[in-house]
Each structure stands twice: as structure tokens, then as C-alpha cells.
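This report is written for a reader who wishes to go through the model from its overall dimensions down to single residues. The sequence and the coordinates are shown below.

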Amino acid sequence: MIMTSSAEASQNEPQEVVHFTPLDPTLADDFWPRMNNLRDRYPVVWSDQPWSDKAAGFWVVNDYADVMAAGVNWRAFSNAQGAAPVQFDLDILRMIPLETDPPLHRGIRRLLNPFFTAEAQQAGEAGIQEKVDTLLGRCIAKGEVDFISEFTQALPPLVFFETYLEQQESEIGWVLEILNTLLTQPEKALEVAPRLLGWGAELLVKRREQGRRDDLAGVIAHMGLEGSDDGLELSEKQRIETLNLMIMAGMETTMGALGSIAVRLATDQALRAELATADDKRLGRVVDEFLRFESPVPTAGRTLTEDVEMSGCPMHGSDRVLLNWAAANRDPAQFKNPDALDFERQNVSSHVAFGAGIHRCLGNHLARREIKASIKAISQLATFEVSQDDFTPSYRPAFARGPISLPVRLAR
Ligand code: HEM
């Protein structure tokens, strides 16, 4: 339940206060009733909970119209002071380009965008389908598996490391271990992150020694170097932070999306049968609607650079703001019958599961391809069903939302 209390009702101060934090462990399993209730009661509201280890108190923006307005207004809703729902120390690690504003953000995106366009992803489609089939084949050979550890957590790193970093599955066992630690013991993040950062730093040095600029790592290795003509000035730390975000941004997020969708497919055989014959165009709509419905990345942080009034709330420059993508994606003012999965809805692609505005997800076409290939292959299996009686999925209270386990039985 969301508890509220009346704050000092003076002019220009929040009149109602909730005690909402996106990482509340009890939110994860009661997610949609709580998010819907929060949005229905308050389009925008003040929460008195911490948003970093140093500061408490932030606005929560919940309704679609306000989330969209804030998302596209990067001048007022800045990312330079952090975009995580609960903020880490930016001096230790900044997510780049996410935690930057223009003009720096614009310059970096211009160099990264070509690797992630729909056309660039089209070229890699066959490789993605092949990896989906390989992983499913291994699951089928076992007969019964935890689909989260065997498939949904395996696919995103396999695809990314091979496609973008020339690393085969046999070479990335240590990366999978790090990812698993980050998922299951996030408190150990500072302990395990340096290994991945160190590996990235070495890769950038290697690309410069090779004089290679033909791949993602090569472009990042030469980005904003002294004397380069890309108009950027970046430190080596910033280049390493950029490569690190490229790797990490598509992991927990895509895993969460695949996991939530797999739960639905394993528990709704009529839906699976319907999707088995869906053509490519329809599958595109299916992916969008699933993303709206599940919202694997529920929230994001911003900091105001000026005073703004939103839904009658007086927000001040330097206030912290939480954009609630998930609540917006189930806003009945935007989506008719929002708690139903409806592939026919007219505005199916107007969801904010990938964010909105200049920081809209760089990897959205890659994620869509992985999800589409997975839905197609899972739906075409003869058997894909929950193998444990009375199974109820439990979700992680994390930055990306996804089920912790999914015991399934599968057969071709
Ligand atoms: C289903 C999977 C995914 C979801 C739901 C998702 C969601 C999001 C969201 C909501 C944002 C905006 C954050 C904000 O505005 O604060 C974002 C940004 C971003 N995403 Fe994704 N993402 C997914 C997969 C990926 C993949 C596969 C990559 C691979 C590179 C990726 C890379 C990024 C990057 C680099 C940004 C920052 C963009 C910028 O600041 O300009 N994401 N994502």
C-alpha cells in the first residue's frame, strides 16, 4: 500500500507526500496494482524516500502525458546529474551517453547510432535466430530447465559479445559470472565491476594499436581523442564508461523483457498457438505490446534545471524527479483497457518502454530482434509449459524488472 501524509501545506511546497521507492523489495511482486494505484491517485507526487545515499525527496511523475512531456524536455529535465532511479556516485562510474546532456550527448550518439539502426540490425538477424535456436536446442535436450538461467539470461550476452565485440561464447564465461553476480547480489556491484571495466580499457587500447575504427569498440576507442575531428573532447575514463554502458545497457533490460514474456507464453497456451503462425509484421506489434505491458525498465531519474509546474505541482530547479515509464504505459488516458495484452490496439507503438526524447533507447532495434526471434521460436515449440505445480513467478526488485526463475518443460 502507498502510505500518504500531509506535509506542511505552505505555498510552493508539496501538499501530499508518498513513501515510494522504486527499489522497495515488496513492490516487485505486487508491482502493477501498486503502480496503477500510485498513478490513478497522483499524476505527479512528492516522495520522501532516498534517491541516493546522500539525499532524500523526489517528485514521481506517473501519468503518460506528464512522463512524455518530461522525457522530451531535456533542457529542464537534465540527465547530467544522473539517470538511475536510485543514484550511484557519478564520480565512480557514469553511464555515458545516458548521464550526459547535449551538446556532449548529441556528439556521442551521432557516432554510436550507425551501429544500432534498424538496417544495421537487419544484417545480424540470421545470427540472432541461430543463437536462439542453439540455446533452445540445449534446453530441449535437457527436457526440463530453469528457462531464466538457461535462456533469457544467456541470449543477450551471447548476441552482444559476438556481434559487437568479436567474442565467442567460449571466451565470455567470466562475463556471464559477473552478470549473474550483478543480478543476484547487486550489493557486490563495486566488487565485480572493475574486471569488466578493465577488460574494456584493454580492448580500447588494442583498437588504437590496431588503428581499427571499423567496429563499435574501434569507434569508441578513437572518440574525442586529442586532435580527432569528431568535435568531442573526452577523457579515457569517459571512453571506458561509454563502452561499459554499451555492454551493460542491453543485459538486465533484455533479460527482464525475455523473462516476463516467457512467463506469459509458458502459462497461456492459446496465446502461444496464436503466435506460432504470426507473420513478421504482426510479431513486430506483438513485441511492442509486450514491452508496453511488461515495462522491463520501470523508471528513470532526472534533475530539474529550472522551475516547472506539472499537474499542478510546483517543481523547483535542482529537485530530483523520477519518471515512471511503467505507470505511464498502463495509463488508461493513453491506452484503452491498459491491463489487457491487446496486439490490435491502434497506438501499440506509442509506449515509453524504451523511454522518450533524446535518450530513447539506443539498442531498441537490437532488443526487438532478440525478443521477436525468441517469441517466434518459443511459440513454434510443441511443448513449452510450466513444469512445477502451483508455480508463481517472483520478480527482482531491480533497475530492470524480470522473473527470478521459470521452471519449464519443452519439446519440439
Ligand atoms: C528490452 C530491452 C531494453 C529496454 C526495455 C530498454 C530500455 C531503455 C530505456 C527506458 C532507456 C531510456 C533511459 C532514460 O531515458 O533514462 C534506454 C536507454 C538506453 N539503452 Fe536501452 N533498453 C533495452 C535494451 C537495450 C539494448 C539491447 C542496448 C544495447 C546497446 C541498450 C542501450 C541503451 C543505451 C546506450 C541507452 C542510453 C541512450 C542515451 O542516453 O542516449 N538498451 N533503454
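The text that follows takes up the chain as a whole, the surroundings of the ligand, two helices and their packing, and finally some backbone details.

**The chain as a whole**

The model is a predicted one, and its secondary structure comes to 16 helices and 12 strands. The radius of gyration of the chain is 21 Å, close to the 22 Å that the globule rule gives for 412 residues, so the chain is as compact as a globular protein of that length. Measured out along the principal axes, the C-alpha trace spans about 65 × 60 × 40 Å. Buried residues make up 39% of the 412 residues, and, of the contacts with a separation of 6 or more, 68% are between residues that lie 24 or more positions apart.

**Surroundings of the ligand**

Around the ligand there are 24 residues, of which Gly 250, Ala 300, Gly 355, Cys 361 and Gly 363 come nearest. Sorted by class, this shell has 17 nonpolar, 6 polar and 1 charged residues. Three helices, α11 (236-249), α12 (252-267) and α16 (364-379), each supply at least two residues of the shell; α11, α12 and α16 also belong to what covers the buried residues of α7, a helix taken up next.

**Helices α7 and α8**

In α7 (155-165), the residues Leu 155, Pro 156, Pro 157, Leu 158, Val 159, Phe 160 and Thr 163 are buried. Their cover includes α5 (125-142), α6 (147-152) and α8, together with the three helices α11, α12 and α16.

Helix α8 covers residues 173-184, and at 1.5 Å a residue its 12 residues should span 16 Å, which agrees with the 17 Å between its end C-alpha atoms. Which residues of α8 are buried, and where do they pack? The buried residues are Ile 178, Leu 179 and Leu 183. Seen down the helix axis, the buried residues of α8 fall within an arc of 135°, so they line one face of the helix. They pack against α7, α9 (189-210) and α12, whereas the face turned away from the buried side carries the exposed residues Gly 173, Trp 174, Glu 177 and Thr 184.

Val 175, which also lies in helix α8, is partly exposed, with 19 other C-beta atoms within 10 Å. Because a residue counts as buried at 20 or more such atoms, Val 175 with its 19 is classed as partly exposed. Leaving aside neighbours within four places in sequence, Val 175 is in contact with Pro 157, Phe 161 and Leu 196, and one of these, Pro 157, is among the buried residues of α7. Val 175 and Val 192 are 17 residues apart in sequence, and their C-alpha atoms are 10.0 Å apart in space.

**Ala 266 in helix α12**

Ala 266 has its place in helix α12, and this residue is buried, with 22 other C-beta atoms within 10 Å. Not counting residues up to four places away in sequence, Ala 266 touches Phe 384, Glu 385, Val 386, Leu 406 and Val 408. A further pairing across the sequence is that of Ala 266 with Leu 410, which are 144 residues apart along the chain and 9.6 Å apart in space, C-alpha to C-alpha.

**Backbone details**

Most residues other than glycine have a negative phi, and most peptide bonds are trans. Against this background, the table lists departures of both kinds.

| Site | Feature | Angle |
|---|---|---|
| Ile 96 to Pro 97 | cis peptide bond | omega near 15° |
| Pro 102 to Pro 103 | cis peptide bond | omega about 5° |
| Glu 166 | positive phi | phi about 55° |
| Ser 311 | positive phi | phi near 45° |

Pro 97 is placed in the loop between β5 (77-78) and α3 (104-112), and Pro 103 likewise has its place in the loop between β5 and α3. Glu 166 comes just after α7, in the loop between α7 and α8, and is exposed, with 11 other C-beta atoms within 10 Å. Ser 311 is found in the loop between β8 (308-310) and β9 (313-315), where this residue is partly exposed, with 15 other C-beta atoms within 10 Å.

Note on methods: Residues are numbered from 1 along each chain as its sequence is written. This is a predicted model: local features need pLDDT of at least 70, side-chain atom pairs count only at pLDDT 80 or more; totals for chains, interfaces and linings use all residues. A residue is near a molecule or strand if its C-beta atom, placed from the backbone, lies within 6 Å of it. Helices (H or I, at least four residues) and strands (E, at least two) are DSSP runs, numbered from the N terminus. Ala, Val, Leu, Ile, Met, Phe, Trp, Tyr, Cys and Pro count as nonpolar, Asp, Glu, Lys and Arg as charged, and the others, Gly among them, as polar. The radius of gyration is taken over C-alpha atoms; the globule rule is 2.2 Å times the number of residues to the power 0.38. A residue is buried if 20 or more other C-beta atoms lie within 10 Å of its own, exposed if 12 or fewer, and partly exposed in between; C-beta atoms are placed from the backbone. Two residues are in contact if their C-beta atoms, placed from the backbone, lie within 7 Å. The expected span of a helix is 1.5 Å times one less than its number of residues. The arc is that of the directions from the helix axis to the C-beta atoms.
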